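I opened my notebook to look up a few contacts in this structure. I kept the entries short.

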Amino acid sequence: LLSDYDEETLLYYHQVGVRGLRFKATSLEKYDTLVAPRLNSTEFPRIAAFVKANDWHWGVQLASTARVKWAEILYILQNTTSPTTIDMFGRPDPLLGALEDNGTLAILNASRQPEPAGKIWVELGGPFRVDPRCTYSEPEAAFYTVCLPQDRVKVPRRGTGELRSLCCPPKTHNLLIELAEIYVDAVGEDFVIWGTDWPFISDVGVTIQALLDVMPLWVPNVTVREKILGLNPVRNGTVGVSPLFPLLDLPPALPSFFIAGAFFEARPDDALAFQLAVEEANDAIPMN
């Protein structure tokens with residue numbers, strides 16, 4: 001039998017900083033056995049009331065094999081009136097066009113629902129969860145079998161503009177660019193966030209440097225990109241009360257978030273990426 005969080009556990013999580021609950025299904029079978037029973041449980045209204053009362057949000061990650069369930073789960077979660085964050089571009093089928101995937105279409109339909117339906121947020125991140133070949137790793141650092149010469153794209157390095165070849169099939173790369181534009185238009189630039197699995201990235205060769213390098217291709221507008229990289233999740237009354245990543249050293253009038261020193265010791269390449277992101281973001285923020 002599945003058991004859900006009791007009130008004491010939810011309160012404990014709230015005290016330690018948790019601000020949301022996520023439903024994840026890596027297959028249709030797991031959706032039917034792990035997700036659906038919780039959505040239909042007699043406990044769900046109590047948990048939904050806690051989420052609403054404490055300004056939490058829902059998160060959803062469904063693998064492409066479970067995409068037929070997007071409409072169902074979003075209908076249920078939006079009826080709670082709490083916001084829902086869509087993980088990893090909605091994990092569409094990389095072999096389909098942007099508007100051919102029924103999961104993507106269900107997400108877009110949910111984004112059009114008026115209040116009091118819960119607001120839809122979208123996370124741009126985890127391209128390797130959309131297509132395992134799309135790690136944006138350097139070929140030398142990746143498994144050759146998932147980074148064949150035809151499965152690479154040219155991406156400018158942040159700060160220098162130097163082009164380098166990274167692992168991602170051109171079709172998937174173009175799909176992510178198209179989806180980023182579609183989602184920014186659909187949910188609004190104030191409701192898109194960026195995320196990765198850091199610091200638990202297990203995919204070979206993946207670095208934050210490369211994931212940030214590709215962001216200007218996904219989101220060309222620097223002001224919109226700066227919102228996505230950190231300002232959106234720290235706005236009052238939005239998803240969470242701190243950024244998914246301490247990317248931005250914000251102006252003095254706003255809370256400051258600094259790059260963790262651990263980056264410099266463990267991942268110097270990532271530390272450089274963060275420094276460049278901070279400089280770019282600060283250049284885009286009007287200093288009144």
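Which residues form one aromatic cluster with Y12 and Y13? I found that Y5 joins Y12 and Y13 in that cluster. I note that the model is predicted.

**Entry 1: aromatic pairs**

I searched the whole structure for aromatic pairs and got eight. I looked up Y12 and Y13 among them. Their ring centres lie 5.9 Å apart and their planes stand at 50°, so I logged the pair as tilted. I then checked how accessible these two tyrosines are. Y12 is partly exposed, at a relative accessible area of 48%. Y13 is partly exposed too, at 27%.

I turned next to F23 and W58. They make a tilted aromatic pair, with 5.8 Å from centre to centre and 40° between the planes. Where do F23 and W58 lie? I placed F23 in strand β1, residues 20-25, and W58 in strand β2, residues 57-62. The pair therefore ties together parts that are 35 residues apart in sequence. Are F23 and W58 buried or exposed? I have both down as buried.

**Entry 2: helices α2 and α4**

I looked up how α2, residues 28-39, packs with α4, residues 70-78. Their axes come within 11 Å. They cross at roughly 25°. Angles under 35 degrees count as roughly parallel, and I therefore wrote α2 and α4 down as roughly parallel to each other. I noted the crossing of the two helices as left-handed.

Which residues of α2 and α4 meet? From α2 I listed Y31, V35 and L39. From α4 I listed E72, I73, I76 and L77. I sorted this contact by class: six residues are nonpolar, none is polar and one is charged. The charged one is E72, since Glu counts as charged.

**Entry 3: P94**

I found P94 in the loop between β3 (84-86) and α5 (102-111). Is P94 buried or exposed? I read a relative accessible area of 13% for P94. Buried means under 20%, so I entered P94 as buried.

What does P94 touch, leaving aside its neighbours within four places in sequence? I wrote down V130, D131, K171, T172 and L175. I also checked P94 against S64, which is 30 residues away along the chain. The C-alpha atoms of P94 and S64 are separated by 8.8 Å.

Methods:
Residues numbered from 1 in each chain as written. Predicted model: local features only at pLDDT ≥ 70, side-chain atom pairs only at ≥ 80, totals over all residues. Heavy atoms only, no water. Axes fitted to C-alpha atoms, helices over the stretch in contact; angles between N-to-C directions. Helix = DSSP H or I, 4+ residues; strand = E, 2+ residues; numbered from the N terminus. Parallel < 35°, antiparallel > 145°, perpendicular 65-115°, else oblique. Left-handed = near helix turned anticlockwise from the far one by under 90°. Contact = heavy atoms within 4.5 Å. Buried < 20%, exposed > 50% of the residue type's maximum accessible area, 1.4 Å probe, protein only. Phe/Tyr/Trp six-rings, centres within 6.5 Å; stacked < 30°, edge-to-face > 60°.
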